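Trainee: I'd like to learn how to read disulfides in a protein. Could you walk me through a case?

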Amino acid sequence: MNFMTRDMPSIGRATVLSLTVLLGGCAADLARASSPATGCKPKEIEITDVSVGWAETSWSASCRGMTFYCAGETGATCSPDRAATAAPAQ
């Protein structure tokens, strides 16, 4: 048993294990969830900045030179990076 989990109650060990699995294998799932909102195919999407919260997960999805900020639990909502898409001031 790992030193981090040996004194944790079983619910703590389960949470640590779930988060490890989620963070280790979620990029493909997040890319699939981001696809409809970004208009890119999952294989085109690069996932970064994953943050797992109690009620929601958030991440950045990049494809075709655009970055989107996404969040969701069962479905994703993504918004384009406004700073990158804003027209330059003249």
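Mentor: Sure! Keep in mind that this is a predicted model. Let's begin with Cys70 and Cys78, which form a disulfide with their sulfur atoms 2.1 Å apart.

Trainee: What makes that pair count as a disulfide?

Mentor: The general idea is a distance cut-off: two cysteine sulfur atoms have to lie within 2.5 Å. Cys70 and Cys78, at 2.1 Å, therefore qualify.

Trainee: Which hand does the link of Cys70 and Cys78 have?

Mentor: For that you look at the angle about the S-S bond. Here the angle is 110°, and the link of Cys70 and Cys78 is right-handed.

Trainee: Are Cys70 and Cys78 buried or exposed?

Mentor: Both of them are buried.

Trainee: How many disulfides turn up in the whole structure?

Mentor: Searching all of it gives 2 disulfides. Cys40 and Cys63 form one of them, with 1.9 Å between their sulfur atoms. This link is right-handed too, with 65° about the S-S bond.

Trainee: Where do Cys40 and Cys63 sit along the chain?

Mentor: They're 23 residues apart, so to speak in distant parts of the chain. Cys40 is in the loop between α2 (27-38) and β1 (46-52), while Cys63 belongs to strand β2 (residues 57-63).

Trainee: Why does Cys40 count as buried?

Mentor: Buried means under 20% relative accessible area. Cys40 has 4% relative accessibility, so it counts as buried. Cys63 is buried as well, because its relative accessibility is 5%.

Trainee: And what is the pairing, with the bonded cysteines numbered in sequence order?

Mentor: It reads 1-2, 3-4.

Technical notes
Residues are numbered from 1 along each chain as its sequence is written. This is a predicted model: local features need pLDDT of at least 70, side-chain atom pairs count only at pLDDT 80 or more; totals for chains, interfaces and linings use all residues. Side-chain values use heavy atoms; hydrogens and water are left out. Helices (H or I, at least four residues) and strands (E, at least two) are DSSP runs, numbered from the N terminus. Buried means under 20% relative accessible area, exposed over 50%, partly exposed in between (1.4 Å probe, protein chains only).
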